[in-house]
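Open the model in your viewer and keep the selection tool at hand. We will walk from stop to stop, and at each one you will find something to select and look at.

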Amino acid sequence: MELNADFAVRTLVQSEQIDWVSSPVPGVERRMLDRIGGEVARATTIVRFAADSKFSEHTHTGGEEYIVLDGVFQDQYGDFPAGTYVRNPPTTSHAPSSDLGCTVFVKLWQFDMDDRSQFRKNMAEELGAPIDGVATAQLHRDDREVVTYHHLDAGASMTNGDAGGIEMLVISGSVTENGAELGKGAWLRLPDGENLTVVAGQDGAKLWIKTGHLIHAKPPAV
């Protein structure tokens, strides 16, 4: 399967406007944002767990990165409430579940295969002091990518011109970008060479942004 697989073109998905699709696991549904491959895939997905749903233990050969958007995600490492950012690098394994239900934004098979840094962070606790209405947290940085989290006050603007491509998820609130309003769940991917400029709406915005990584994009090694 290939979905939004051309990383040289601008891609926008208003995920709240697309249907949920059942996964092979009962109680787990997906909104696919980009994908190269079948059930083993280089993929960016929003995943919804119904209460008491669970996966059997499995290994993430290509690594897994996720944000808990609502509810509480669980595995043998602990309980991860909304606002948690987690990186599980290649070779790690876990058995995901959710007693009460949750929604997560997940990226698979997008790590440096030599990366072994495993961690979790409360994104809000990482925020620095606001500058011109924008508070920023650096969640992760390496030679391939930079991952950040931002709180924008109403009307605040932000620009990012990092090389290597830019990806943004609107976690809450809204922003205007290129004349369009991007609300909760909007996912934008800009190719290498394009800049991002956004202005927050009347309720402000919470954004997750990754840069530099798209020039390294390739299918999973299976």
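Begin with the charged side chains: the structure holds eleven salt bridges, each being a side-chain nitrogen of Lys or Arg within 4 Å of a carboxyl oxygen of Asp or Glu. Before selecting any, note that this is a predicted model, in which local features need pLDDT of at least 70, side-chain atom pairs count only at pLDDT 80 or more, and totals for chains, interfaces and linings use all residues. Residues are numbered from 1 along each chain as its sequence is written, and side-chain values use heavy atoms, with hydrogens and water left out.

**Stop 1: Asp 34 and Arg 189**

Select Asp 34 and Arg 189, a salt bridge whose closest N and O atoms are 2.9 Å apart. Asp 34 sits in strand β4 (residues 28-37) and Arg 189 in strand β20 (residues 186-190), so to speak two distant parts of the chain, 155 residues apart. Helices (H or I, at least four residues) and strands (E, at least two) are DSSP runs, numbered from the N terminus. Both Asp 34 and Arg 189 are buried, where buried means under 20% relative accessible area, exposed over 50%, and partly exposed in between (1.4 Å probe, protein chains only).

Stay with Arg 189 a moment longer. What is its relative accessible area? For Arg 189 the value is 1%. Show the residues around Arg 189 and you will find contacts (heavy atoms within 4.5 Å) with, among others, Asn 4, Asp 6, Phe 7, Ile 166 and Leu 214, leaving aside residues up to four places away in sequence.

**Stop 2: a network around Arg 87**

Next, select Glu 65, Arg 87, Asp 115, Glu 145 and Lys 210, which are linked in a network of salt bridges. Zoom in on Arg 87 and Glu 65: their closest N and O atoms are 3.3 Å apart. Arg 87 belongs to strand β10 (residues 84-88) and Glu 65 to strand β8, 22 residues apart. Both Arg 87 and Glu 65 are buried.

Arg 87 also forms a salt bridge with Glu 145, with the closest N and O atoms 2.9 Å apart. Glu 145 is in the loop between β15 (134-141) and β16 (146-152), 58 residues from Arg 87. Glu 145 is buried too, like Arg 87.

**Stop 3: aromatic rings**

How many aromatic pairs does a search of the whole structure find? The search finds seven. Rings of Phe, Tyr and Trp (its six-membered ring) pair if their centres lie within 6.5 Å; planes under 30 degrees apart count as stacked, over 60 as edge-to-face and the rest as tilted.

Select Phe 49 and Phe 73, an edge-to-face pair at 5.6 Å centre to centre, with 80 degrees between the planes. Because Phe 49 lies in strand β5 (residues 41-49) and Phe 73 in strand β8 (residues 64-75), the pair ties together parts that are 24 residues apart in sequence. Now add Phe 80, which is stacked with Phe 73 at 6.2 Å centre to centre and 25 degrees between the planes. Phe 73 and Phe 80 are both buried. Add Phe 55 and Tyr 66 to see one aromatic cluster formed with Phe 49, Phe 73 and Phe 80.

For another kind of ring contact, select Phe 119 and Lys 121. Lys 121 lies over the face of Phe 119, at 4.9 Å from the ring centre; a charge counts as over a ring if NZ of Lys or CZ of Arg is within 6 Å of the ring centre and within 35 degrees of the ring normal.

**Stop 4: the nonpolar cores**

A nonpolar core is a set of buried Ala, Val, Leu, Ile, Met, Phe, Trp, Tyr and Cys residues joined through side-chain atoms within 4.5 Å. The largest one has 18 residues, and you can select those with the most contacts inside it: Leu 152, Met 168, Val 175, Leu 196, Val 198 and Leu 207. Two or more residues each come from β18 (166-177), β20 and β21 (196-211). Which element gives the largest share of this core? That is β21, with six residues.

Apart from this core lies another, of 16 residues, including Ile 46, Phe 105, Phe 119 and Leu 139.

**Stop 5: strand β17**

Select strand β17 (residues 157-160): Met 158 and Asn 160 make up its covered face, while Ser 157 and Thr 159 make up its uncovered one. Strand β17 pairs with β21 in the antiparallel sense over four bridges, and strands count as paired if DSSP finds at least two bridges between them. Thr 159 has Thr 197 of β21 as its bridge partner.

**Stop 6: two loop residues**

Finish with Thr 91, in the loop between β10 and β11 (92-94). Its phi is near 85 degrees, a positive value in a residue other than glycine, and Thr 91 is exposed at 51% relative accessibility. Asp 132, in the loop between β14 (119-122) and β15, has a positive phi as well, near 55 degrees. Asp 132 is exposed, with a relative accessible area of 74%.
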